[in-house]
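Visitor: Please give me a close look at one part of this model, the strands, and then follow the chain out to the ligand.

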Amino acid sequence: MEKKLYLEAIIRQKEKRLKEKYTENSLQDFLKKITSVPKPPSFYDAMAKEGLSIIGEIKKASPSKGLIREAFNPMALADSYKDVVDALSVLTEEDYFQGHDAYLRDVSQRVTIPTLCKDFIVDDLQIYQAKCLGASCVLLIVAILEDKQLKDFIQLSKNLGLDVLVEVHNQDEIKRAVDARANIIGVNNRDLTRFTVDVQTTCRLRSYIPDHCLVISESGIRGAEEIERLRGCPIHGILVGESFMRCKDIGAKAKELRDAYET
Ligand SMILES: O=C(O)c1ccccc1NCC(=O)[C@H](O)[C@H](O)COP(=O)(O)O
């Protein structure tokens with residue numbers, strides 16, 4: 001399949017799944033459940049703290065790489081991550097990333113650090129669901145949403161007590177994110193049409209993001225080399241998936257990333 005069609009295919013498949021998954025009672029069910037969901041830790045605070053914040057991702061596969069981690073146990077991964085990163089990103093998308101809602105639910109119950117629901121959110125019921133699964137934050141991708149949807153989804157998330165990581169790929173998307181009142185902006189270093197990754201994307205776009213927003217650099221961060229390139233521009237955090245999933249020692253990898261940023 002031509003690369004640029006992947007994102008459209010992911011969204012089409014997502015919409016198909018949502019049609020099958022949600023019923024006319026889903027909203028009522030979520031609203032009932034929400035009242036008993038314990039207040040999650042703040043994702044915003046975890047990113048705003050002093051020094052580089054690290055979001056470790058729990059990701060079995062991806063459209064660009066296929067299967068990344070064969071021996072995949074989300075709870076064991078959560079245990080390895082819990083004392084060495086500041087938040088966890090949990091893939092729930094099933095068809096391209098082999099994620100699952102249950103991973104987010106179980107991991108959120110297991111750890112005391114905040115969790116991010118990492119999915120392709122195109123329907124407000126997904127936001128209610130993320131809340132019910134115990135997430136602290138949801139990812140909203142500007143490239144797949146209309147302005148009104150983006151604004152409404154951010155507002156709904158805030159009303160539900162969820163933080164929002166708003167993902168951008170270019171200057172125009174930063175403007176749309178800021179206009180929609182985003183306060184945590186994730187610059188994705190992955191070009192979603194060609195799937196190439198370049199951390200220079202964060203450095204190039206950083207100056208267009210206003211000071212009142214926290215900035216997270218996402219994707220393609222493998223080790224000290226990428227961190228050294230990122231040190232040139234002030235960011236609050238990084239989101240790292242594949243490098244953690246492929247390494248044997250998550251603690252050592254997290255230390256390598258922090259040390260590279262601090263020296
Ligand atoms: O990872 C992909 O191939 C991908 C393809 C299409 C849309 C999104 C994709 N990834 C989602 C992510 O943003 C990453 O999982 C996340 O930033 C971590 O990236 P990495 O450290 O490169 O695994």
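Guide: Helices (H or I, at least four residues) and strands (E, at least two) are DSSP runs, numbered from the N terminus. The model is predicted, so local features need pLDDT of at least 70 and side-chain atom pairs count only at pLDDT 80 or more, while totals for chains, interfaces and linings use all residues. Residues are numbered from 1 along each chain as its sequence is written.

Eight strands close into a barrel with parallel pairing, in the order β1-β4-β5-β6-β7-β8-β9-β10; two strands pair if DSSP finds at least two bridges between them. On average, neighbouring strands of this sheet are turned by 25° against each other, direction ignored. The angle is taken between axes, lines fitted to C-alpha atoms (for helices over the stretch in contact), and such angles run from 0 to 180 degrees between N-to-C directions. The UniProt record, an unreviewed entry, places the feature "domain: Indole-3-glycerol phosphate synthase" at residues 7-257; annotations there may be inferred rather than shown by experiment. That span is 42% helix and 18% strand, and its end C-alpha atoms lie 29 Å apart.

Strand β4, residues 87-91, is mostly covered, with five of its five residues buried, meaning that 20 or more other C-beta atoms, placed from the backbone, lie within 10 Å of a residue's own (12 or fewer is exposed, and in between is partly exposed). Its two faces are both covered: Leu88 and Val90 are buried on one side, and Ala87, Ser89 and Leu91 on the other. Four bridges link β4 in the parallel sense to β1 (residues 53-58), and Ala87 is the bridge partner of Ile55. Four bridges also link β4 in the parallel sense to β5 (residues 115-118), where Lys118 is the bridge partner of Leu91.

Further round is β6, the strand that holds Cys137. Cys137 counts as buried because 26 other C-beta atoms lie within 10 Å. Its C-alpha atom is separated by 6.4 Å from that of Thr115, 22 residues apart along the chain. Leaving out residues up to four places away in sequence, Cys137 touches Phe43, Pro114, Leu116, Leu162, Asp163, Val164 and Leu165; contact here means C-beta atoms, placed from the backbone, within 7 Å. Helix α7 (residues 147-159) lies across β6 (137-141) and β7, running at about 175° to β6. Strand β7 (residues 163-168) runs parallel to β8 (residues 184-188), joined by three bridges, and Val166 has Ile185 as its bridge partner.

Two loop residues deserve a backbone check. Most residues other than glycine have a negative phi. Gln98, in the loop between β4 and α5 (101-110), is not a glycine, yet its phi is positive at about 55°. Gln98 is partly exposed because 18 other C-beta atoms lie within 10 Å. Ser219, in the loop between β9 (214-218) and α10 (224-230), likewise has a positive phi, near 80°. Ser219 is buried because 27 other C-beta atoms lie within 10 Å.

Ser219 leads to the ligand. Of the 19 residues around the ligand, those that come nearest are Ser62, Ser64, Ser219, Gly241 and Glu242; a residue is near if its C-beta atom, placed from the backbone, lies within 6 Å. The elements giving two or more residues to this shell are β10 (237-240) and α11 (242-246). By class, the shell has seven nonpolar, seven polar and five charged residues. Ala, Val, Leu, Ile, Met, Phe, Trp, Tyr, Cys and Pro count as nonpolar, Asp, Glu, Lys and Arg as charged, and the others, Gly among them, as polar.

Key:
Contact = placed C-beta atoms within 7 Å.
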